[in-house]
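Here is a brief report on one helix pair and one pocket. Keep the sequence and the 3D view open while reading.

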Amino acid sequence: MSIIRFGKRADAAAFIDLFAALDTETEFMFFEPGERQTSVEHMADRLDRCEATGDEVFFVATDETKQKAGIIGFVVGWRSPGFRSQHVLHIVIGLRQIATGQGLGRQLMDKITAWAVQNGIHRLELTVMENNLPAQALYSACGFGTEGIKHDAVRLRTGYINELTMARLLDD
């Protein structure tokens with residue numbers, strides 16, 4: 001059984017482990033293994049700031065049935081404190097391979113969308129690699145549409161990949 005909840009300071013070490021696993025399991029995240037230089041203390045401080053400012057929010061997915069599974073997925077959203085772009089929430093989501101295909105990505109997207117509505121967000125936006133068809137299908141099912149293509153925006157070991165910009169407008 002998966003539980004989705006707000007990320008908290010005590011999750012910092014588990015986030016570092018999750019990021020390391022994601023960077024190893026898939027090329028769809030934007031870091032190569034070992035490139036992230038986030039410390040547990042930095043992550044803990046970031047999670048504290050989420051609660052204090054409201055400009056960033058982390059939701060985590062944990063699986064209470066798998067021993068030592070820890071955090072198996074997350075979604076984060078952040079917005080600018082400036083008036084002109086404060087209505088926009090930028091989103092990043094990541095799921096461990098053991099958690100894909102079970103509806104957990106949809107649950108995380110629904111959770112952050114509900115948070116966005118409650119917090120006066122008008123626009124959700126994200127980017128996705130053009131070859132990440134499962135993620136594109138998820139985002140489309142969640143009401144996102146493709147707005148543009150950033151050509152050769154991501155360099156993988158196998159070559160350059162286009163990145164799609166996708167967005168969803170929320171009702172006021």
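## Helix pair and pocket

H3 and H4 are oblique to each other. The reason is their angle: the helices pack at about 45 degrees, and angles outside the roughly parallel, antiparallel and perpendicular ranges therefore count as oblique. Note that this is a predicted model.

H3 covers residues 104–118, and H4 covers residues 133–141. Their axes lie 10 Å apart. The crossing of the two helices is right-handed.

Which residues of H3 and H4 meet? From H3 come Gly105, Arg106 and Met109. From H4 come Leu138, Tyr139 and Ala141. By class, this contact has four nonpolar residues, one polar and one charged.

Now the largest pocket. About 660 Å³ of space lies in it. Its lining is made of 32 residues. Nearest the centre of the pocket lie Ile93, Gly94, Asn132, Ala135 and Tyr139. Tyr139 thus appears twice: in the contact of H4 with H3 and in this pocket lining.

Which elements give two or more residues to the lining? They are strand E4 (88–95), H3, strand E5 (123–129) and H4. E4 gives the largest share, six residues. Both helices of the pair are thus among the contributors.

The lining of the largest pocket divides by class as follows.

| Class in the pocket lining | Residues |
|---|---|
| Nonpolar | 18 residues |
| Polar | twelve residues |
| Charged | two residues |

Note on methods:
Residues are numbered from 1 along each chain as its sequence is written. This is a predicted model: local features need pLDDT of at least 70, side-chain atom pairs count only at pLDDT 80 or more; totals for chains, interfaces and linings use all residues. Side-chain values use heavy atoms; hydrogens and water are left out. Axes are lines fitted to C-alpha atoms, for helices over the stretch in contact, and angles run from 0 to 180 degrees between N-to-C directions. Helices (H or I, at least four residues) and strands (E, at least two) are DSSP runs, numbered from the N terminus. Angles under 35 degrees count as roughly parallel, over 145 as roughly antiparallel, 65 to 115 as roughly perpendicular and the rest as oblique. A crossing is left-handed if the near helix is turned anticlockwise from the far one by less than a right angle, and right-handed if clockwise. Contact means heavy atoms within 4.5 Å. Ala, Val, Leu, Ile, Met, Phe, Trp, Tyr, Cys and Pro count as nonpolar, Asp, Glu, Lys and Arg as charged, and the others, Gly among them, as polar. On a 1 Å grid over the protein atoms alone, a cavity is a set of points where a 1.4 Å probe fits but cannot get out, and a pocket is an open set with protein on both sides within 12 Å along at least five of seven lines; lining residues have an atom within 4 Å of a point. Grid points are joined across faces, edges and corners, and a volume is the space filled by probe spheres set on the points.
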